[in-house]
Amino acid sequence: MPNRVIVGTAGHIDHGKSALVRALTGIDPDRLKEEKERGITIELGFAHLLLPSGTLAGIIDVPGHEKFVRTMVAGAAGIDIVMLVIAADEGVMPQTREHLDICRLLSVGDGLVALTKCDKVDADWAALQEEEVRKFVRGTFLSDAPVVRVSAVTGKGLPALVGALDTIASRVRGKDPELFFRLPVDRSFSMKGFGTVVTGTITGGTVRTGDEVQVLPGGPVARVRGLQVHGGPAESSSAGTRTAVNLQGVEKESVPRGSVLCHPGTYAPTKAADVHLEYLPLAARPLKNRARASFHAGTSSSLAKILLYGVAEISPGGSGYARIELDEEIVLMGGDRFILRGFSPLENFGYTIGGGRILSPYPRRRKGPGKAVPQALPSLQSPEAAVRVLAALEEAGRNGLGTKEAAVIGGIGVAAAGAEIGRLVSSGKVRGDTGGGRYWHGIALEETGEEGIRALSALHDRFPDREGFLREEVAAQFPDGTDPEFIALSIAGRPEAGKAGDSFFLPAKRPRSVELSSPLARAIADKVRETGLSALSKSELADALRPGDRREFDKTLEALVKGGRVLRVKEMLFDSGAIGALKENLVSYLEKKGEITVPEFKDLAGGLSRKYVIPLLEHFDLSKVTLRVGDKRLLRKGK
Ligand SMILES: Nc1nc2c(ncn2[C@@H]2O[C@H](COP(=O)(O)OP(=O)(O)OP(=O)(O)O)[C@@H](O)[C@H]2O)c(=O)[nH]1
Ligand SMILES: [Mg+2]
């Protein structure tokens, strides 16, 4: 596979972007009749160019008209290299600026300036314009970029332009093929005999012929019937490649521009995101909290409300953290760039006011966002994936995160997310549930643990007779549907809580424990010991002792059974000391003789009546001392 890059044009209307693409590639990017008639670009145009080094450059030609900036943003979203086209006769114009701002905000990494129409000016003028251009790009990512003088009419300078593109292409860092597959659709049409075809630049992962793909937001699942890459059929296509996908089972109307193709169960569309945004210096007024703007990411856009964190407004040229609330669902990933455009209801076009970076596409629900900057947001900007994943878990709070969501928020592949989470679990900063499907930050664990203790305490107050409460009962005390397993996990780590079987309790709040050294307890224990192996039932014991308070007697007896002083076998109450001694005799008998019959056991127990003999033997079977074979007992292995 040759190395691939995506080159996008940018620049003011009529400065010669499309003419330059045609001169470079022989392909006319203006396909529409209306474009040819009016001599302007309306839709995105596509071409490709094989660079001398063998790198294949996909070219996206954008419109320069100020009414079509929205289309330009969609085109610029996937590009690696910008070719900023400035006509030598006109120089820098409003959309030259706006397009450069957009490329900068979209974090386009590299590019060059094509100073075109040089056939229309003399060399002195061209030199003067070149100087102006250098001043113009100062301080931006193009400050050291080549400025190449060209003419699409005479072809002068084109080889130098191709050479400069090749040099830049060689240092482009490709898009990540480990990410979940995603293709923001920039064109959708139907082709006779093929059905629906969509095109776009794959921004992550790989798609193959035969794959099931989901159209988001809200679209159907379809099958990939075929792929085309730069005019030829392909079995698969990966991140960074312009690709045409022939889809089976969907109409073109259900895959419009702005929708996203992905594999089912990977990305989820969202109506909110936490972001870091930059507000452009040319804006006329400060950006106010709750301002409305149009939001553009990938090839999609939506009207949005901007809720500022920590400040009431951002001055022109400033930046800050914000929650974006979208009117329509969009597919977003951590690290995605976006553009904000102002709009005035009186005109049908807007102007670029800023942009920035998605920090979390699945932000936490917050009461009254706009108060303070959430602690984890700055960490979500970190270049370190480990820091971002930990911050994503902190943000997720008690909802926790699965590995897939962590990958989408962290902007990394799912294998990398799994590895980062594994390291965080080993370091003790993060805990997972037993199935390993969900993970929580230590802070969430701590907070939920505290709330769990309060819930347990309230349950003890309401049900003073209960010894403990199941995790589901504790979970029901939480206002939202917090995962009971997570609640159990968080309470289990608390020193103030105890656990018996499946129940949690607060030792301090359990029903007042019965005093095992009370006179009544001693009387019961003594009586049981006296009767030895000829055990009494509870009512016989009560008759013998005649306790004043029958309820107290019941409680005390239960406590003695629970505490292990009295052994209950089939409603008969034995002294556990006596049973222990009998067990020792039995074991040494079996060690010597190998087996024991019922009559032999009766003798061993000192001629005990059959009423006790059978239940006791069964007790030893059940407690895995003996093994019954026919009418004999053998010693269990390991005893
Ligand atoms: N003399 C001369 N004319 C040029 C050159 N490049 C483009 N033109 C002319 O400039 C006009 C606009 O060129 P386009 O390529 O359509 O400009 P564009 O930047 O694509 O315009 P939009 O897509 O509408 O923003 C056309 O009439 C071209 O023939 C050049 O290098 N020299
Ligand atoms: Mg054009």
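How many aromatic pairs does a search of the whole structure find? The search finds six. Please keep in mind that this is a predicted model. I will take two of those pairs, then one charge over a ring, then the ligand.

A short reminder first. Two numbers describe a pair of aromatic rings: how far apart the centres are and the angle between the planes.

Start with Phe 180 and Tyr 267. Their ring centres are 6.0 Å apart and the planes stand at 75°, over the 60 degrees required, so this pair is edge-to-face. In sequence the two residues are 87 apart, and the pair links distant parts of the chain. Phe 180 sits in the loop between α6 (158-170) and β7 (182-184). Tyr 267 belongs to the loop between β16 (260-262) and β17 (269-279). As for exposure, Phe 180 and Tyr 267 are both buried.

Next, Phe 574 and Tyr 612. Here the centres are 6.3 Å apart with the planes at 80°, so this pair too is edge-to-face. Phe 574 is in strand β32, residues 572-575, and Tyr 612 is in helix α18, residues 610-622. The separation in sequence is 38 residues, and again distant parts of the chain are linked. Are these two residues buried or exposed? Phe 574 has 0% relative accessibility and therefore counts as buried. Tyr 612 has 9%, which is under the 20% limit, so Tyr 612 counts as buried as well.

Now the charge over a ring. The ring belongs to Phe 463, and the charged end of Arg 466 sits over it, 5.9 Å from the ring centre.

That leaves ligand 1. Which residues come nearest to it? There are 20 residues around ligand 1, and the nearest are Lys 17, Ala 19, Thr 41, Asp 119 and Ala 152. By class, the shell holds six nonpolar, nine polar and five charged residues. Helix α1, residues 17-25, supplies the largest share of the shell, with three residues.

I have three polar contacts to show, each to an oxygen atom of the ligand. From Thr 41, a polar side-chain atom lies 2.7 Å from a ligand oxygen. From Gly 64, the partner is a polar backbone atom, at 2.8 Å from an oxygen of ligand 1. From Lys 117, an N or O atom of the side chain is 3.0 Å from a ligand oxygen. As for burial, ligand 1 taken alone exposes 640 Å², and the protein buries 80% of that.

Note on methods:
Residues numbered from 1 in each chain as written. Chains lettered and ligands numbered in written order. Predicted model: local features only at pLDDT ≥ 70, side-chain atom pairs only at ≥ 80, totals over all residues. Heavy atoms only, no water. Near = heavy atom within 4 Å. Polar contact = N/O pair within 3.5 Å; in protein donor to acceptor, adjacent residues only side chain to side chain. Areas by Shrake-Rupley, 256 points an atom, 1.4 Å probe, with all protein chains shown as cover. Helix = DSSP H or I, 4+ residues; strand = E, 2+ residues; numbered from the N terminus. Nonpolar A, V, L, I, M, F, W, Y, C, P; charged D, E, K, R; others polar. Phe/Tyr/Trp six-rings, centres within 6.5 Å; stacked < 30°, edge-to-face > 60°. Buried < 20%, exposed > 50% of the residue type's maximum accessible area, 1.4 Å probe, protein only. Lys NZ or Arg CZ within 6 Å of the ring centre and 35° of its normal.
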